[in-house]
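Visitor: I would love a close look at one part of this protein. Could you pick a strand, walk me around it, and then show me how the rest of the chain is held together?

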Amino acid sequence: MPKEPEARKAGANHGQQDNSDEAQIRSRLKRIKRQVLVLSGKGGVGKSTVAANLAVSLVLAGKRVGLLDIDIHGPSIPKILNLEARKVRSEGSEIMPIEVMPNFKVMSIGFLLPSRDDAVIWRGPMKYQMIKQFIKDVQWGDLDFLIVDSPPGTGDEPLSVIQLLGKADGAVIVTTPQEVALADVRKGISFCRSLGLPVLGVLENMSGFVCPKCGERTDIFKSGGGEEMACRMEVPFLGMIPIDAEVVRACDLGIPIVRSGENQSKTAKAFGPATRALLDLDENC
Ligand code: ADP
């Protein structure tokens with residue numbers, strides 16, 4: 001056991017380290033105008049797909065965007081953006097994000113894992129440290145938006161990132177129309193409210209299936225549940241994205257649907273209201 005003065009010195013060093021980390025985080029965040037989290041109550045609802053498509057939509061609207069994937073247990077951004085073979089490099093104490101295209105920088109825990117099949121078994125404090133490093137040490141530069149793809153639920157990771165960002169601008173909550181996902185989303189809204197994080201709106205994904213052959217729409221799950229729930233919980237509704245094989249194909253190719261093809265499909269256009277809600281944040285500076 002360290003003697004009393006040594007223990008006090010170690011404590012003081014820790015305190016100094018925390019203060020210097022805090023100062024570095026603040027100076028990084030000063031250069032990022034808007035910070036938005038993409039959350040979902042449960043996995044598999046298309047949260048990462050939405051995060052990637054919103055990020056690309058903002059780039060297409062002329063914004064400088066960073067996309068941070070902290071979905072430790074299932075980082076899918078490298079796959080969605082076809083970046084799986086890419087490695088991040090560091091310069092001094094800084095980690096360089098991957099520049100996918102001009103004005104679009106991406107950082108994902110997936111870049112740091114030796115193999116996509118590796119399981120990540122980390123306890124809360126380790127996750128906190130990793131998320132802290134992604135904000136403190138990644139050279140984001142000047143950004144209009146940092147979009148954070150958070151793991152599903154209301155656990156350590158969203159809590160850590162909300163605390164570290166300090167004053168994020170808000171959260172987009174992704175859900176599917178089924179009741180179970182909606183119950184989870186209500187929890188997500190309460191979680192944001194209890195942390196003082198504004199809910200920018202609810203986006204209903206996988207809402208109805210439009211047949212690519214005949215164009216007929218079938219509501220495989222119940223449709224419109226997200227809108228009803230958003231209305232009841234008094235948060236904005238950001239629209240419905242249909243189940244579309246093109247979304248999967250685009251993801252497999254690593255090209256989000258919002259930028260695949262000159263003429264945007266109906267599905268790509270369905271990201272419009274959510275993109276608009278984020279752009280409004282920037283315009284209301
Ligand atoms: P999450 O981040 O919520 O776990 P993902 O974004 O990884 O979910 O999506 C899960 C799967 O669903 C992926 O294979 C993705 O291509 C697919 N997907 C997401 N949204 C749609 C959609 N609107 N239509 C069809 N497939 C979709």
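Guide: Here is a walk that starts at one strand and moves on to the core and the salt bridges. Please keep in mind that this is a predicted model.

Let us begin with strand β9, which covers residues 199-210. Strand β9 is mostly covered, with 9 of its 12 residues buried. Strand β8 (residues 170-175) runs parallel to β9, and 5 bridges join the two. If you want a place to look, find valine 174, whose bridge partner in β9 is leucine 203. Strand β11 (residues 237-243) is also parallel to β9, this time through 4 bridges. There, valine 202 has phenylalanine 237 of β11 as its bridge partner. Strand β10 (residues 217-218) pairs with β9 as well, but the two run antiparallel and share 2 bridges. For that pairing, look at phenylalanine 209, which is matched with threonine 218 in β10. As you follow the strand, it helps to recall that side chains in a regular strand alternate between the two faces of the sheet.

From the strand, let us go on to the nonpolar core. The largest one has 83 residues, and the members that touch the most others are Leu37, Leu67, Phe104, Ile147 and Leu278. Helix α2 (residues 47-60) is the top contributor to this core, giving 8 residues. Nonpolar side chains tend to be buried together in soluble globular proteins. Isoleucine 147 makes a good viewpoint here. Setting aside neighbours within four places in sequence, isoleucine 147 is in contact with Val36, Val38, Ala51, Ala55, Leu58, Val65, Gly66, Leu67, Leu68 and Leu278. Two of those contacts, Leu67 and Leu278, are also on the list of residues that touch the most other core members.

Now for the charged pairs. The structure holds 18 salt bridges, and three of them are worth a visit. In one, lysine 136 meets aspartate 21, with 3.9 Å between the closest N and O atoms. Lysine 136 belongs to helix α4 (residues 124-136) and aspartate 21 to helix α1 (residues 4-30), so this pair ties together parts that are 115 residues apart in sequence. Both lysine 136 and aspartate 21 are buried. They also take part in a network of salt bridges that links Asp21, Lys132, Lys136 and Asp137.

Helix α1 has another such residue to show you. Arginine 28 forms a salt bridge with glutamate 94, and here the closest N and O atoms are 2.8 Å apart. The pair connects helix α1 with strand β4 (residues 94-96), distant parts of the chain that lie 66 residues apart. Arginine 28 has a relative accessible area of 15%, so it falls below the 20% cut-off and is buried.

The third pair brings you back towards the start of β8. Aspartate 169 forms a salt bridge with arginine 34, the closest N and O atoms being 2.5 Å apart. Because aspartate 169 lies in the loop between α5 (156-165) and β8, while arginine 34 lies in strand β1 (residues 32-40), the pair ties together parts that are 135 residues apart in sequence. Both ends count as buried: aspartate 169 has 16% relative accessibility, and arginine 34 has 13%.

For a last stop, try glutamate 84 in the loop between α3 (77-80) and β3 (89-91). Glutamate 84 is partly exposed, with a relative accessible area of 39%. Its C-alpha is 7.9 Å from that of glycine 110, and the two residues are 26 apart in sequence.

Conventions: Residues numbered from 1 in each chain as written. Predicted model: local features only at pLDDT ≥ 70, side-chain atom pairs only at ≥ 80, totals over all residues. Heavy atoms only, no water. Buried < 20%, exposed > 50% of the residue type's maximum accessible area, 1.4 Å probe, protein only. Pairing = 2+ DSSP bridges. Core = buried A, V, L, I, M, F, W, Y, C linked by side-chain atoms within 4.5 Å. Contact = heavy atoms within 4.5 Å. Salt bridge = Lys/Arg side-chain N within 4 Å of Asp/Glu carboxyl O.
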